[in-house]
Structures are given as structure tokens and as C-alpha cells.
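Work through the exercises below with the model open beside you, and try each task before you read its solution.

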Amino acid sequence: MVTTRAPEDAYTAEPFVPERGGLAALRKAAADCRGCPLHRDATQTVFGNGDTDARVLIVGEQPGDQEDRQGKPFVGPAGRLLDRALAEAGIDPAQTYVTNAVKHFKFTLPHSRLRSSGGTPIAPGKRRIHKAPSLREMTACGPWLAAELALVDPELIVILGATAGKALLGSSFRVTQQRGTLLEEEIHGRQTRVVATIHPSAALRADDREAVYQGLVSDLKVAARALA
């Protein structure tokens, strides 16, 4: 008996990425991505959003609960905090392009949940718990990020958090060691300036939120000065 492997078993989005077209074409194609198993439980693909002529491309880890429901990146509490921090640092949030290293929400369920019509485990008023994507899942999504980089061609990339850093710069990346420093790196074949910082959700979880938030702003000011 011959068995056919599902596309997600290959762990690569490459077959789903269109060879030409702008942001609309990429977003439409990504909606049907089956490049890894994460699409099975997520509500939808959450692709990047923003100004394709942006000087700054911001890369987070993966969609969160609200992003998965709404289909847009950084629309939850962390996104609102990021916009505030960018503005305070001197970067207009409206003139950035924001995306994630992984385009589907990976989560765990603390309790039994109802099933939506699409098969996604969701219970009204309940929040699904974020689970960090694996290196294999991040690598699978790499072709989407490479396509976004080619489309936007930013002057600078801002990396938010350790997972996004590992996805772009390799497993040796440590946000605690490399944050707040202007780096020159080759990412998906492009020599690019990079500034890494914490993910804004870290400030939301911190005991001393204000101090952690100010650290985020300080790192983003390095990016702002690099663009001046």
C-alpha cells in the first residue's frame, strides 16, 4: 500500500510561497499554507501587516491568542505596548512593517474546550496558553519571512525576543547578551542592520513592569538613532 506524505510532514513553506506578486499575493497564499502541522489547530494564518515601504521591519515570535482570532499581528496587549514604546523611542508605528517568525498560533489547552466549526479548540471567554514554537517549526516558516524581507527591503530589522532572534540569527542567539546593540547580519541572503530587544509581552509579565518597559524603550532608541 502506497502512502502519501502530507505537505506539513516536510516542514517547509517553500512550495506555498508564490514566485511573484506583492503583499496581497503573499498574504493570500499564506492563508493556505500547510508547511508544518501548526495550521491544524490555529484559527488562521496571521501574516505580516504594515507599510511595505517601511524603513523598519519588526519581527516577533508568533501570533498570540487575540492575533489568531483576528488574523492580524500585534493586535493584543503586547502590540499596544509595542506601539507605545516605538512612539516613545521616536519611531512612528504607522511607518513600520510588523510580522512574526512563525505565522500560526501554537498553544496548549489548560482545560477541556469546546470545538469551533473549524476544529480549533476554543471556549468563550477562555484564553489559550502560548507555547513556544520549535526550531523545526520556525525553519518551516522561514520562506515566508524571506519573502517579506525581499518585499519590504527594510533599512533595519528589530527583533523582539529570543525565539525571533533564534529564527533569524541562529540557535546561539541570546537576547540578554545582544539586545540594544546595532548589529550587521546576513539574514536570508541580505546584509541587514539589526537591533534586538525583548518581546513586549515580557514587560507585561514582569514584576517591575515599568523598569522592563523602559529597557524596551531604551533598546528601540538605538534603532531610532540608527535611522536618523
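The exercises that follow treat a sheet, a pocket and some single residues.

The model is predicted, so that local features need pLDDT of at least 70 and side-chain atom pairs count only at pLDDT 80 or more, while totals for chains, interfaces and linings use all residues. Residues are numbered from 1 along each chain as its sequence is written, and side-chain values use heavy atoms, with hydrogens and water left out.

**Exercise 1. Trace the open sheet of six strands and find its edge strands.**

Step 1. Helices (H or I, at least four residues) and strands (E, at least two) are DSSP runs numbered from the N terminus, and two strands pair if DSSP finds at least two bridges between them.

Step 2. Reading across the sheet gives the order β1-β3-β2-β6-β8-β7, and the pairing is mixed. The edge strands are β1 (49-50) and β7 (182-187), each of which pairs on one side only.

Step 3. At the β1 edge, two bridges join β1 to β3 (residues 96-100), and these strands run antiparallel; Gly 50 stands opposite Tyr 97 in β3.

**Exercise 2. Describe the lining of the largest pocket.**

Step 1. A pocket is an open set of points on a 1 Å grid over the protein atoms alone, where a 1.4 Å probe fits, with protein on both sides within 12 Å along at least five of seven lines, and lining residues have an atom within 4 Å of a point.

Step 2. Of the 28 lining residues, the closest to the centre are Ala 78, His 130, His 199, Ser 201 and Arg 205.

Step 3. α7 gives the most to this lining, with four residues. By class, the lining has 13 nonpolar (Ala, Val, Leu, Ile, Met, Phe, Trp, Tyr, Cys and Pro), six charged (Asp, Glu, Lys and Arg) and nine polar residues (the others, Gly among them).

**Exercise 3. Decide whether Ile 157 is buried or exposed, and list some of its contacts.**

Step 1. Ile 157 is found in strand β6, and because its relative accessible area is 0%, Ile 157 is buried (under 20%; exposed is over 50%, partly exposed in between, with a 1.4 Å probe and protein chains only).

Step 2. Leaving aside neighbours within four places in sequence, Ile 157 is in contact (heavy atoms within 4.5 Å) with residues including Leu 57, Val 59 and Val 194.

**Exercise 4. Find where His 188 lies and give its phi.**

Step 1. His 188 is found in the loop between β7 and β8.

Step 2. Phi of His 188 is near 50 degrees, a positive value in a residue other than glycine, and at 41% relative accessibility His 188 counts as partly exposed.
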